[in-house]
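Me: Please take one part of this model and go through it closely, in connected prose. I would like each term to come with its cut-offs, so that I can follow the account against the coordinates.

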Amino acid sequence: MSSDERIRDRGKIRLPMLILGFSMTAIYVVLGSWLLLDKTFLPYIPAEFRNIFAILLLVYGIYRGWRVYADHF
């Protein structure tokens, strides 16, 4: 397979990967925000661990969104 064919084949998968990347970014950010704002969600987990996990989800969601943006635009 020549490099021109590989470049053309990569373009076919670009849009689905862009959609998947942005949707996963949205899931991470929404779940992290939900964990921080709704104290009744997952009440059996101690508040300190829930807040740490929520902040990690937000940070990873922002990082992932930046990577998707940098890779596709």
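Reply: In this predicted model, D71 and R67 both belong to helix α2, where they stand four residues apart, or about one turn of the helix (helices are DSSP runs of H or I with at least four residues, strands are runs of E with at least two, and both are numbered from the N terminus). D71 forms a salt bridge with R67, and the closest N and O atoms are 3.2 Å apart (the term requires a side-chain nitrogen of Lys or Arg within 4 Å of a carboxyl oxygen of Asp or Glu). In general, side chains of opposite charge can pair when their charged atoms come close. The structure holds one salt bridge. Both partners are partly exposed, D71 with a relative accessible area of 44% and R67 with 33% (buried means under 20%, exposed over 50%, and partly exposed in between, with a 1.4 Å probe and protein chains only).

Residues are numbered from 1 along each chain as its sequence is written. Local features need pLDDT of at least 70 and side-chain atom pairs count only at pLDDT 80 or more, while totals for chains, interfaces and linings use all residues, and side-chain values use heavy atoms, with hydrogens and water left out.

The length of α2 can be checked against its residue count: at 1.5 Å a residue, its 26 residues should span 38 Å, and the end C-alpha atoms are 37 Å apart, which agrees (the expected span is 1.5 Å times one less than the number of residues). Along this helix, the buried positions are R50, A54, L57, L58, G61, G65, V68 and H72. I62 also lies in helix α2, but with a relative accessible area of 58% I62 is exposed. The C-alpha atom of I62 is nonetheless separated by 7.3 Å from that of V29, although I62 and V29 are 33 residues apart along the chain.

Aromatic side chains give a further view of how α2 is placed. The structure holds four aromatic pairs (rings of Phe, Tyr and Trp, the last by its six-membered ring, pair if their centres lie within 6.5 Å; planes under 30 degrees apart count as stacked, over 60 as edge-to-face and the rest as tilted). One of them joins Y28 and Y60, whose ring centres are 5.1 Å apart and whose planes meet at 70 degrees, so the pair is edge-to-face. This pair links distant parts of the chain, since Y28 is in helix α1 and Y60 in helix α2 (residues 47-72), 32 residues apart. Y60 counts as partly exposed, at 36% relative accessibility. Another of the four, W34 with F41, has ring centres 4.1 Å apart and planes at 15 degrees, so this pair is stacked. W34 is partly exposed, with a relative accessible area of 41%, and F41 is partly exposed as well, at 23%.

The chain as a whole provides the setting for these details. The protein chain has two helices and zero strands, and 19% of its 73 residues count as buried. Among contacts between residues at least 6 apart in sequence, 57% join residues at least 24 apart (a contact means heavy atoms within 4.5 Å). The Y28 and Y60 pair, which links α1 to α2, can be read alongside that figure.
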